[in-house]
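Hello,

Here is the structure I said I would pass on. My notes on it follow below.

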Amino acid sequence: MHIPYVAPPAWRANYSGSYTENEADYYGTLSSLDAQVGRIRALLRELGVAESTLVVFTADNGPEVD
């Protein structure tokens, strides 16, 4: 992910208190993404096409440099 990343408030709240603000945003963003992928997969199953559908995720981001 590119900086800055800001998680939706409901997802960020899952990590507040135990993590820094930056970590809460990072982990909240990943959790939100995971939930949305789950919604896509559930819809594919509901439509009866999950077994014949290939879902691929790619990224062109290299490592972050300080």
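This is a predicted model. I start with the helix α2 and what covers it. Among what covers the buried residues of α2 is α1, residues 9–13.

Helix α2 itself runs over residues 21–46, which makes 26 residues. From its first C-alpha to its last it reaches 37 Å, and that is close to the 38 Å expected at 1.5 Å a residue. The buried residues in α2 are A24, D25, G28, T29, S31, S32, V37 and L44. Just after the helix comes G48, which takes a positive phi of about 75°.

Next, the salt bridges. The structure holds two of them, and R12, E21 and D25 are linked in a network.

In one bridge, the side chains of R12 and D25 meet with N and O 3.0 Å apart. R12 lies in helix α1 and D25 in helix α2, so this pair ties together parts that are 13 residues apart in sequence. D25 has a relative accessible area of 8%, and it is buried because the cut-off for that class is under 20%.

In the other bridge, R12 pairs with E21, and the closest N and O atoms are 3.9 Å apart. A salt bridge is counted here when a side-chain nitrogen of Lys or Arg is within 4 Å of a carboxyl oxygen of Asp or Glu, so the R12 and E21 pair is included.

How exposed are the other two members of the network, R12 and E21? R12 is partly exposed, at a relative accessible area of 23%. E21, at 57% relative accessibility, counts as exposed. The network therefore has a buried residue in D25, a partly exposed one in R12 and an exposed one in E21.

Last, the surface. Which residues make the nonpolar surface patch? Y19, Y26, Y27 and L30 do, and the patch covers about 340 Å². One of these, Y27, lies in helix α2. Y27 is partly exposed, with a relative accessible area of 32%. Residues enter a patch at over 30% relative accessible area, so Y27 passes that cut-off.

If you want a place to begin when you open the model, look at R12: its side chain takes part in the bridge to D25 and in the bridge to E21.

Regards

Key:
Residues numbered from 1 in each chain as written. Predicted model: local features only at pLDDT ≥ 70, side-chain atom pairs only at ≥ 80, totals over all residues. Heavy atoms only, no water. Helix = DSSP H or I, 4+ residues; strand = E, 2+ residues; numbered from the N terminus. Expected span 1.5 Å × (residues − 1). Buried < 20%, exposed > 50% of the residue type's maximum accessible area, 1.4 Å probe, protein only. Contact = heavy atoms within 4.5 Å. Patch = residues over 30% accessible without salt bridge, like charges linked within 9 Å, V, L, I, M, F, W, Y side chains within 5 Å. Areas by Shrake-Rupley, 256 points an atom, 1.4 Å probe, with all protein chains shown as cover.
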